[in-house]
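Biologist: I am new to this structure and would like a close look at a single part of it, the second largest pocket. Please begin with what the word pocket means, and then use the rest of the chain to set the scene around that part.

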Amino acid sequence: MFQGQRVWNGVTTTPEGRVFVSYPQADGAGMQVAELDAQGRPYPFPDATWNAPQDWSAGTVGSGFVHVNALRIGPDGNLWIVDAGAPGLGKPAVKGGARLFRFEPQSRRLIQTFDLASAVHPYSYIDDIRFNGRFIYITDAGAPGLIVLDTQSGTVRRVLDGNRSVVASRPLRADGRAVTDAKGQPLRVHADQLEVSPDGQWLYFQPASGPMARIATRWLNDPTVSEKEIESHVELAWADTPSTGGTAIDANGNLYVTDTDKRRILRVSPEGKISTLIQDDRLIWADALWIDREGYLWIPASQQNLTPEFNGGRMAVQYPVWIYRLQIHAQPSPRDHS
């Protein structure tokens, strides 16, 4: 579908067919968010200034992105961009860096910024988001936990802080081996993937190494519910998912989960039954998935496991890096599309 000379880890599309991608900076500083033209050429979004390198020597954030980790067109039709707020996993967060940005795609105008500072820890790494009406659920892959953002009030709350459902408790694997960080130590990616059921009643979530848990969203949405009460309603290991780069969910509640160890994409039914959708050698660390209105599953084969931060300090990516499309004859969840 698309090929590029940078490692990308996210893709999203508008109903009109515009394509946006994110780059994890695994192969050097450069653009973090881009729009692809029909030939797959990237152009910085919203502009070059936002994507310019920043100086964090003062310990605070300047203008522009710190480290974009995810992006998606929301149910409001706008482009939401997740700033992890830290230059990488296991690295100290930049003060004021953990934010969500909401851009109007056509004008490229920044509509709103949500500051997550009150809900992050010194080694937080904001990972991804999903929508559920007025609420946005957020994973923290650095300091394990979930964050609930009420977009109407602007309040943010941290829940399941350090709970075993969000802690990476088993090795992260890719292509038959354990993944190691730049220093050769086992890499732990805590709360990472998450999806909301089409009816908004359930949140599915997991560390990158699995397994997948779930909780009824009503326990997360009510700020008067205690942390102990929330923890008591978590269904641990609801589905025994493997090491995972990304997920998606369709309008029927089927989850799509990438298997980074066996280069597969799995389908998980609403009852938790797991089956193989496709297995292909080209799916090298299939990352954040996206379902469009034409029934295609977009699959960035990011090769993230071949970058230094995931490969013991060695760069082994084989360019070009691809984004594939697979017709799955499913419609996206209404929680993802307007």
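Modeller: A pocket here is an open set of grid points, with protein on both sides within 12 Å along at least five of seven lines, and a residue counts as lining it when one of its atoms comes within 4 Å of a point. The model in front of you is a predicted one.

The second largest pocket holds about 160 Å³ of space. Its lining is made up of 13 residues, and those lying nearest its centre are T13, T14, G17, D292 and E294. Sorted by class, the lining comprises five charged residues, four polar ones and four nonpolar ones.

To set the scene, it helps to turn to the nonpolar cores. The largest nonpolar core has 28 residues, and within it W8, V21, L79 and I81 touch the most other members. Two or more residues of this core come from each of β3 (19-22), β4 (33-36), β6, β7, β8 and β26 (321-327). In soluble globular proteins, nonpolar side chains tend to be buried together. Once its neighbours within four places in sequence are set aside, W8 still has contacts with a list of residues that includes F2, V21, Y23, L36, P300, V321 and I323. Another core, of 20 residues, lies apart from the largest one, and among its members are L203, A213, L220 and I230.

Charged side chains also meet elsewhere in the chain, and a search of the whole structure finds 16 salt bridges. One of them joins D83 to R99, with the closest N and O atoms 3.0 Å apart. This pair ties strand β7, which holds D83, to strand β8, which holds R99, across 16 residues of sequence. D83 is classed as buried because its relative accessible area is 0%, and R99 is likewise counted as buried because its relative accessibility is 9%.

A second salt bridge, between D76 and R102, has an N to O distance of 3.3 Å. Here D76 sits in the loop between β6 (68-73) and β7 (79-83), while R102 belongs to strand β8 (residues 99-104), 26 residues away. The two partners fall into separate classes of exposure: D76 is partly exposed, because its relative accessibility is 36%, whereas R102 is buried, because its value is 17%.

A third bridge, between R173 and D261, brings N and O to 3.2 Å. It spans 88 residues, from R173 in strand β14 (residues 173-174) to D261 in the loop between β21 (255-259) and β22 (264-268). R173 is partly exposed at 31%, while D261 counts as buried at 18%. In addition, R18, E35 and R108 are linked in a network of salt bridges.

Finally, a few details of the backbone deserve a careful look. Most residues other than glycine have a negative phi, and most peptide bonds are trans. W285, in the loop between β23 (274-279) and β24 (290-291), has a positive phi near 50°, and its relative accessibility of 4% makes it buried. Q303 has a positive phi of about 60°, lies in the loop between β25 and β26, and is buried at 6%. P320 is placed in the loop between β25 (296-301) and β26, and the peptide bond leading to it from Y319 is cis, with omega near 5°. Another cis peptide bond joins F45 and P46, with omega about -5°.

Key:
Residues are numbered from 1 along each chain as its sequence is written. This is a predicted model: local features need pLDDT of at least 70, side-chain atom pairs count only at pLDDT 80 or more; totals for chains, interfaces and linings use all residues. Side-chain values use heavy atoms; hydrogens and water are left out. A salt bridge is a side-chain nitrogen of Lys or Arg within 4 Å of a carboxyl oxygen of Asp or Glu. Helices (H or I, at least four residues) and strands (E, at least two) are DSSP runs, numbered from the N terminus. Buried means under 20% relative accessible area, exposed over 50%, partly exposed in between (1.4 Å probe, protein chains only). A nonpolar core is a set of buried Ala, Val, Leu, Ile, Met, Phe, Trp, Tyr and Cys residues joined through side-chain atoms within 4.5 Å. Contact means heavy atoms within 4.5 Å. On a 1 Å grid over the protein atoms alone, a cavity is a set of points where a 1.4 Å probe fits but cannot get out, and a pocket is an open set with protein on both sides within 12 Å along at least five of seven lines; lining residues have an atom within 4 Å of a point. Grid points are joined across faces, edges and corners, and a volume is the space filled by probe spheres set on the points. Ala, Val, Leu, Ile, Met, Phe, Trp, Tyr, Cys and Pro count as nonpolar, Asp, Glu, Lys and Arg as charged, and the others, Gly among them, as polar.
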